[in-house]
Structures are given as C-alpha cells and as structure tokens.
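Look over the chain below before reading on. The notes that follow go from the overall layout to one group of side chains.

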Amino acid sequence: MAERYLTMAKTFFGTSHPLFNAFGVEVEEVGKGRAVMSIRHQPFLAGRSGGVHRGVIITLLDTNCGLAIFSRLGDMRPIATIDLRVDFIAEAGFGDAVTSEVECYAVKGDIAYVRGRASTDSGDQLLATVSGSFAVGTLGPAFDSSMKEQGGVNG
C-alpha cells in the first residue's frame with residue numbers, strides 16, 4: 001500500500017502539479033500516516049538570506065501534511081486546511097536542501113490532526129515545526145481523481 005501511495009504522490013507532484021514540478025519537490029516516503037518530502041536549493045526559491053524562502057517551506061509543510069493524512073486515511077478523499085501553525089526556529093542556509101517530515105497522529109470525525117518539522121536535508125538544523133488540523137471529505141477534487149483522468153495509477 002505504501003508503495004502505491006508513493007507512486008501516486010510522485011506522479012501527481014511531478015506531472016500534474018506545475019508549482020511543485022517547478023519547485024522540484026521530491027516525495028521520498030509515504031505510509032502509515034507519515035510522509036517525507038524534500039526540496040533542493042534553487043536560486044529562484046531563495047529568500048534574502050540566500051536559503052530556501054520561508055514561504056516555500058510553509059508550502060512544502062502544508063502539502064506534506066496533506067500527504068500524511070491521505071496515507072493515514074487509506075484513501076484520497078479531498079481535504080482542506082483548517083488551521084496550520086508554523087514556528088520558524090532558524091533560516092535555511094545558502095545551498096541547503098530542506099526536508100519535511102509530517103505525521104498524521106489522529107483522525108476524529110471529519111478532522112485530521114498533524115505535526116511535523118522541516119530541517120536541513122542532512123537533518124543537522126531544525127528550521128521549523130508545524131502542527132495543524134484539516135477537514136476531511138471537503139468539496140472539491142480528490143487527490144486520486146487527477147491521477148485517473150491522466151491515465152496514472154489505477155486506484
């Protein structure tokens with residue numbers, strides 16, 4: 001099952017999602033309520049310090065939260081962010097890739113709860129923590145509907 005999620009996520013973020021394709025997001029691990037994504041340093045993603053911009057890190061964390069939720073639910077129902085808190089601890093350094101690790105630790109009714117972190121790719125520097133809640137089963141397209149429409153992984 002985890003391999004299926006990984007294949008679907010890599011296909012979605014690589015071909016169906018222009019923003020993440022341009023950002024160079026890599027899905028590294030998906031399964032059992034946990035997801036790991038990374039983004040390499042690119043000059044057009046840099047903030048004033050020369051490291052990956054905080055807005056890019058927030059986008060990476062938010063998306064990774066969704067991926068962790070999908071793997072916890074066992075299906076690709078639509079979800080929407082209710083509340084997302086990101087606390088920045090440090091700035092990414094010039095040239096640092098950023099890795100995001102997120103866990104969906106609970107689902108109660110139609111609400112999923114997540115927590116995680118962003119760090120330098122080597123794991124040496126904690127950059128930010130994230131926690132949030134997401135509505136499950138919201139109106140809108142499901143994650144796997146775009147996959148089926150494009151002839152991707154059969155569900």
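Two residues are in contact when they have heavy atoms within 4.5 Å of each other. Counting only contacts with a separation of 6 or more in the chain, residues 24 or more positions apart account for 62%. The model is predicted.

**Layout of the chain**
- The chain contains 4 helices and 6 strands.
- Read from the N terminus, the order of the elements is α-α-β-β-α-β-β-β-β-α.

**Burial and surface**
- The chain has 155 residues, and 45% of them are buried.
- About 7,700 Å² of the chain is exposed, and 50% of this area comes from carbon and sulfur atoms.

**The aromatic pair**
- How many aromatic pairs does the chain have? The count is 1.
- The pair is formed by tyrosine 105 and tyrosine 113, with ring centres 6.4 Å apart.
- Rings count as a pair if their centres lie within 6.5 Å.
- Planes under 30 degrees apart would count as stacked and those over 60 as edge-to-face, with the rest tilted. The planes of tyrosine 105 and tyrosine 113 are at 40°, so this pair is tilted.

**Surroundings of the two tyrosines**
- Are these rings' residues buried or exposed? Partly exposed covers the range between under 20% (buried) and over 50% (exposed) relative accessible area.
- Tyrosine 105 has a relative accessible area of 35%, so it is partly exposed.
- Tyrosine 113 is also partly exposed, at 29% relative accessibility.
- Arginine 115 places its charged end over the ring of tyrosine 105, 4.0 Å from the ring centre.

Note on methods. Residues are numbered from 1 along each chain as its sequence is written. This is a predicted model: local features need pLDDT of at least 70, side-chain atom pairs count only at pLDDT 80 or more; totals for chains, interfaces and linings use all residues. Side-chain values use heavy atoms; hydrogens and water are left out. Rings of Phe, Tyr and Trp (its six-membered ring) pair if their centres lie within 6.5 Å; planes under 30 degrees apart count as stacked, over 60 as edge-to-face and the rest as tilted. Buried means under 20% relative accessible area, exposed over 50%, partly exposed in between (1.4 Å probe, protein chains only). A charge sits over a ring if NZ of Lys or CZ of Arg is within 6 Å of the ring centre and within 35 degrees of the ring normal. Helices (H or I, at least four residues) and strands (E, at least two) are DSSP runs, numbered from the N terminus. Accessible areas come from the Shrake-Rupley method with a 1.4 Å probe; for residues, only the protein chains shown count as cover.
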